[in-house]
Amino acid sequence: MKIDASPVAMPADPSRDLVVARPEGLYCPPGDFYIDPWRPVERALLTHAHSDHARTGSGHYLAAAPGASILRSRLGEIDLQTLPYGETIHHNGVAISFHPAGHVLGSAQIRLERGGRVWVASGDYKVEPEPTCAPFEPVRCDTFITESTFGLPIYRWRSNDELLAEINAWWRDNAAAGRASVLFCYALGKAQRLLHGLDPATGPIICHGAVETLNRVYRESGIALPPTRKVSEVEDRSVLRQALVLAPPSASGTTWLRRFPDHSDAFASGWMQLRGTRRRRGVDRGFVVSDHADWPGLLWAINATGAERVIVTHGQTHPLVRWLCEEAGLDAQSFETEYGDEEHDGETGEPSAVNDAVADLAGESEPVQTSNPATPGPAEPPPEER
Amino acid sequence: MKAFAELYAEIDARTGTNVKLAAIVRYLHAAEPADAAWAVYFLAGGKPRQLVPTRLLREQARLAAGLPEWLFDESYQAVGDLAETIALLLPPPTAPDTEHGLAFWVEEYLLPLRGLPPEELTPRLLDIWARLDTHGRLVCGKLLTGSFRVGVSRLTVTRALAAVAGVEAKRVAERMVGYTAIDARPTAADYHALIAPDSQDAFNPRASGQPYPFFLAHPLALPEESDPGEQLGTTDSWLAEWKWDGIRAQLVKRDSKMWLWSRGEELITERFPELAAMGEALPDGTVIDGEIVIWRDDRVQPFALLQQRIGRKNLTAKLLQELPAALLAYDLLEWRYADLRQQPQRERRTQLESLVRAIAQPTLHLSPLVMGESWAELAALRSESRERGVEGLMLKERESRYGVGRTRSDGIWWKWKIEPYSVDAVLIYAQRGHGRRASLYTDFTFAVWDKSPDAPDRRLVPFAKAYSGLSDAEFRQLDTIIRKTTVEKFGPVRSVTPTQLFELGFEGIAPSTRHKSGVAVRFPRMLRWRRDKPISEADTLETLRALLPPELRIR
């Protein structure tokens, strides 16, 4: 654990903390369970199904009910207990409840209460509501553990409607010119969010297998998505010229893409906010679409919790911690975690900003073990922005 | 302004030349001529001088965004581009301007800013930012700092103009000469002249001091140990010259006046009074293409000395005496107002030789022909380049016409350069890159050992910075290594535990009092990542010093 320079003294008795950082993950000592552990443990509470937060190998899992089917489709046969949003369960004297985080379907913030103290671990979250998952709900707490993937003021998002209008216009232009529109994005969450807002009148929507699997889970969970097909199900290949193709970034440069000989490509990610990352990615268009909070979103969410102490887990941890200490007068620090931290992927061009803060910590403090978990999860799209 | 900012965003986002070309053509068709005039100026590389000091711009943007200094800096480091950082951080515009075009913006809002005192600049900057969206602020920021660059070549702009005008690109290239000079103020009339139909061609060399578009050479890349004859045929179809390490220039004499133009199409007449002086001796209607060098003791002097001349504002008599310039003439483009460019190289050469001999000026020398009966003989002469203070050989097709830019249709000029100097050096500092490398550690400082391997207490001494020569994949791997081996951070710079060895190439080397190592190198770049060698095998300062040209070593 690293403690950033903070003008506010740390609480006198850290043994009273409800969550601490351990080599296995975030740990609740009185409850004897972990939150989103990156190594196999006895009991794991999961915030959401992205692979840097939900890993196989643990004994028992507890998660929010709306995320159950996604977790099962990703982690396979696991011992999973679920809880509807807002309901409380007690374990070793700790009251546990899950609250919507607005990140992807079933994503949750985890609220812990013991002896009148309330801690909330956010997992990943975004604050603007969109139709494919329950919107983020601020939960009052004493200590808020937050992500900071886009924790710099250069990250400010436009509204979901504006973004979708832009993407639909790009698709229409391509369809009119008789070329397919290949849109790369993460298979879980981002793909379904985009899908929900696409205008099916423009042409057929083709999904890569990795995306289609998750579409099915979303539909079964009652999220309305326009009709989609796998490319193998398309008999008349000429319609591909009007098609929008949703594929994970790992499909870039593979033979699968050869089925769309004449196409324009685009990438949907918060990292597309910067010209540098956009150009590195080498696609025709970059759409700035993120399932994480932007800078104003992070500050709004932190403020809405009323927390006096804030712990930042991953992303741009340093700037957010310093801002909270110096400008907001809060007691802020960072935890070193393995969220959002995986090796650069040469083919898909992981922007290093995502690893920046983590690397910063690794270079400056006694590092927590950073070896990979013993049991890797199932095959995943690259971890650029989960 | 809005239309131009959108054109910039579109060019910036695209990779294909044809897509960019089409976007420029669309813009030019739709734009007012006065706006198009400025758009062409900026796209083709024109840069007005910096209008607002960077520090003030940065500080005002930071205040307008309401951020502490450190957070503005963190943001800038993540973005890697000041204008873009400012565009992203400022609050949304309060009075968006969709009405005024580029020309109005440049002439009414931007150019008048130069030289204003800070207290007058501040309200004007805030007013400008209030009127522009993110795209507009980005473009405006780049114009204000004089750092506007966009990913199109001058050739692409020329082709777009040719498409709009319906005339040959070559014609447009001739009309473009001098268009992007630093003090140019392009008007609607200038734009009309660029796209005029052929019959009303406004290009009339007699009327002006304009040079011709420079004909540029292509690098000759031969597989190692191969016979140049396989690619080039016999030596007798080529004229060989030394490749001089100076400033390429055209000397223009018309209407009793003399102009000296650099390759960048800037007027440099006043920088070289000794060359301007020979204007008297040259007949009107003469254009000579050649290389400006420092010439002393009957030989060419290192580029480092020419650099001292260029860098100096005041040309004192002492400086002119110590560092005398000369023009090494290698082509004659105009003679008695007749354009010779369509004549074969050998003809132009013959005429040039008689001219240079006839006027016999002390500052005008013929760039001599290098005689070799065979490729083996020429190769042997080329290997003496370094001792002669040249960069290698130029091979010019005897029958070639004088083309425009890097064309090949008129015949070809090859530059057959010698291999760069190279040393093995250790990476010791890294800084995040700019543009498409923003937030990746791609700008490195390299060091060599100060003593030989047997010395007990030797240390690494930095001597060069380099940021090119690796593949994207290698840059990414190196970025990871740098993050893992960071020792200390000083603002955007990290020092790392020295673990990585590189073969570093450079074109020239000179003594320097400004560098700790005592030497400065030109165009350093990474030739190879030597993962096969330990850092203990890096070269030493002694090796570097031994590369200094003798005439620089003595001084």
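**Reasoning through a two-chain model**

Modeller: Arg111(A) is found in strand β9 (residues 108–114) of chain A. Keep in mind that this is a predicted model.

Colleague: What makes the pairing of the Arg111(A) and Glu113(A) side chains a polar contact?

Modeller: The side chains of Arg111(A) and Glu113(A) come to 3.0 Å. The cut-off for N or O atoms is 3.5 Å, so the pair qualifies. Arg111(A) also touches residues further off in sequence, among them Trp119(A), Val139(A) and Arg140(A).

Colleague: Why is the pair Lys126(A) and Asp291(A) called a salt bridge?

Modeller: The closest N and O atoms of Lys126(A) and Asp291(A) are 2.8 Å apart. A Lys nitrogen within 4 Å of an Asp carboxyl oxygen is what the rule asks for, so the name fits.

Colleague: What makes this a link between distant parts of the chain?

Modeller: The two residues are 165 residues apart. Lys126(A) lies in the loop between β10 (117–121) and β11 (143–148) of chain A, while Asp291(A) lies in the loop between β16 (285–287) and α6 (295–305) of chain A. Over all chains, a search of the whole structure finds 50 salt bridges.

Colleague: How many salt bridges are counted between chain B and chain A?

Modeller: The count is 4. One example is Asp81(B) with Arg275(A), whose closest N and O atoms are 3.4 Å apart. That value is within the 4 Å limit, so this pair counts too.

Colleague: Which elements of chain B give two or more residues to the side that touches chain A?

Modeller: They are α1 (2–13), α5 (69–79), α6 (82–89), α9 (134–144) and α20 (472–485) of chain B. The most comes from α5(B), with 6 residues. By class, this side of chain B has 16 nonpolar, 5 polar and 15 charged residues.

Colleague: How much area do the two chains bury between them?

Modeller: About 3000 Å², with 49% of it on carbon and sulfur atoms. In terms of contacts, 36 residues of chain B meet 31 residues of chain A.

Colleague: Let's turn to helix packing. Why are α1(B) and α2(B) called roughly antiparallel?

Modeller: Helix α1(B) packs against α2 (residues 17–30) of chain B at an angle of about 170 degrees, and their axes are 10 Å apart. An angle over 145 degrees counts as roughly antiparallel, so these two helices earn the description.

Colleague: Which residues meet there?

Modeller: From α1(B) come Ala3(B), Phe4(B), Leu7(B), Glu10(B) and Ile11(B); from α2(B) come Lys20(B), Ala23(B), Ile24(B), Arg26(B) and Tyr27(B). They divide into 7 nonpolar, no polar and 3 charged.

Colleague: How do you know what to call the arrangement of α7(B) and α8(B)?

Modeller: Use the angle again. Helix α7 (residues 102–110) of chain B and helix α8 (residues 118–131) of chain B pack at about 160 degrees, with axes 12 Å apart. That angle is over 145 degrees, so α7(B) is roughly antiparallel to α8(B). In this contact, Trp105(B), Tyr109(B) and Leu110(B) of α7(B) meet Asp127(B), Ile128(B) and Arg131(B) of α8(B). The split is 4 nonpolar, no polar and 2 charged.

Notes: Residues numbered from 1 in each chain as written. Chains lettered and ligands numbered in written order. Predicted model: local features only at pLDDT ≥ 70, side-chain atom pairs only at ≥ 80, totals over all residues. Heavy atoms only, no water. Contact = heavy atoms within 4.5 Å. Buried area = accessible area lost by both parts, 1.4 Å probe. Salt bridge = Lys/Arg side-chain N within 4 Å of Asp/Glu carboxyl O. Helix = DSSP H or I, 4+ residues; strand = E, 2+ residues; numbered from the N terminus. Nonpolar A, V, L, I, M, F, W, Y, C, P; charged D, E, K, R; others polar. Axes fitted to C-alpha atoms, helices over the stretch in contact; angles between N-to-C directions. Parallel < 35°, antiparallel > 145°, perpendicular 65-115°, else oblique. Polar contact = N/O pair within 3.5 Å; in protein donor to acceptor, adjacent residues only side chain to side chain. Lists of a residue's contacts leave out its neighbours within four places in sequence.
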